[in-house]
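Visitor: Please give me a close look at the nonpolar packing inside this model. Then take me out to the spaces and the polar spots.

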Amino acid sequence: MIRDVKTDVEQLIGPIIEQEGFDLVEIKLSRYKNNYRLQIFVDSDAGVTLDNCAHLSRLTGAALDVSDIFESKYILELSSPGLDRPLHTEREFRRRIGEEVRIEYKENGRARKVRGTLKSVESGQITLDGKDGELHIALGDIEEGKVII
């Protein structure tokens, strides 16, 4: 049931968030008794401010209130994903160019970890400037990427 609700929420609010110039990064939905907790995470190339979150919360909340997705009360939380969120997509990596990152990836079936400055993201791979020089890693080989705070 939660999976169907989550899909319905994404289909309803995804276009609203995109129309406002933001990316829908993640939706988390939990339920306790008859109440839902809906967490929406958004990002943009320009970042996300508290005012952005308040604005998007009003828009998505209004859309949710007139929909019939939730049959009972829900709590809506809208925020940015935060700096410590793992990087997954090409777009997320692009936003972090110039920053120091830690990457866990597979190379010839073996797990590797590397740290360096994210130099570029092109053609499905990232380029890191690390202690041993420049390293190219295919996005498909990356298991986890994180910005070093």
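Guide: Contact here means heavy atoms within 4.5 Å. Keep that cut-off in mind for Phe70. This is a predicted model.

Start with Phe70. Leaving out residues up to four places away in sequence, Phe70 touches Val5, Val9, Leu29, Tyr36, Leu38 and Leu64. Now widen the view. The largest nonpolar core has 17 residues, and Val9, Leu38 and Phe70 touch the most other members. Two or more residues each come from helix H1 (2-19), strand S1 (23-32), strand S2 (35-43) and helix H2 (50-66). Another core lies apart from this one. That second core has 14 residues, including Ile103, Leu118, Ile126 and Leu128.

Next, set these cores in the whole chain. Three helices and eight strands make up its secondary structure. Read from the N terminus, the order is α-β-β-α-β-α-β-β-β-β-β. The C-alpha atoms fill a box of roughly 55 × 30 × 25 Å along the principal axes. The chain has 149 residues, and 32% of them count as buried. Look at sequence separation too. Take the contacts between residues at least 6 apart in sequence: 53% of these join residues at least 24 apart.

Leu128 leads on to the pocket. This member of the second core also lines the largest pocket. The other lining residues there are Val114, Arg115, Gly130, Lys131, Asp132, Gly133, Glu134 and Leu135. Strand S5 (110-122), strand S6 (125-130) and strand S7 (133-138) each give two or more residues to this lining. S7 gives the most, with three residues. The space in the pocket is about 160 Å³. By class, its lining holds three nonpolar, two polar and four charged residues.

Now for the enclosed space. The count comes to one cavity of 30 Å³ or more. The largest cavity has a volume of about 80 Å³. Its lining consists of Asp43, Pro81, Gly82, Arg85, Pro86, Leu87, Glu92, Arg95 and Arg96. By class, that makes three nonpolar, one polar and five charged residues.

Pick out Arg85 from that lining. Arg85 sits in the loop between strand S3 (74-79) and helix H3 (90-95). Is Arg85 buried or exposed? Arg85 counts as buried, because its relative accessibility is 15% and the cut-off is under 20%. What does its side chain meet? The side chain of Arg85 makes a polar contact with the side chain of Glu92, at 2.8 Å. Glu92 also lines the largest cavity. Leaving out residues up to four places away in sequence, Arg85 touches Val25, Glu26, Glu92 and Gly145.

Arg95, also in the cavity lining, leads to Ser44. These two residues are in contact. Ser44 lies in the loop between S2 and H2. S2 and H2 both give two or more residues to the largest nonpolar core. At 8% relative accessibility, Ser44 counts as buried. Its side chain reaches the backbone oxygen of Gly47 at 2.6 Å. Neighbours within four places in sequence aside, Ser44 is also in contact with Gly21 and Phe22.

For a tour on screen, begin at Phe70 and its contacts, among them Val9 and Leu38. Then find Leu128 in the pocket lining. Finish at the side chains of Arg85 and Glu92.

Terms used. Residues are numbered from 1 along each chain as its sequence is written. This is a predicted model: local features need pLDDT of at least 70, side-chain atom pairs count only at pLDDT 80 or more; totals for chains, interfaces and linings use all residues. Side-chain values use heavy atoms; hydrogens and water are left out. A nonpolar core is a set of buried Ala, Val, Leu, Ile, Met, Phe, Trp, Tyr and Cys residues joined through side-chain atoms within 4.5 Å. Buried means under 20% relative accessible area, exposed over 50%, partly exposed in between (1.4 Å probe, protein chains only). Helices (H or I, at least four residues) and strands (E, at least two) are DSSP runs, numbered from the N terminus. On a 1 Å grid over the protein atoms alone, a cavity is a set of points where a 1.4 Å probe fits but cannot get out, and a pocket is an open set with protein on both sides within 12 Å along at least five of seven lines; lining residues have an atom within 4 Å of a point. Grid points are joined across faces, edges and corners, and a volume is the space filled by probe spheres set on the points. Ala, Val, Leu, Ile, Met, Phe, Trp, Tyr, Cys and Pro count as nonpolar, Asp, Glu, Lys and Arg as charged, and the others, Gly among them, as polar. A polar contact is a pair of N or O atoms within 3.5 Å; within protein, one must be able to donate a hydrogen and the other to accept it, and residues adjacent in sequence count only if both atoms are side-chain atoms.
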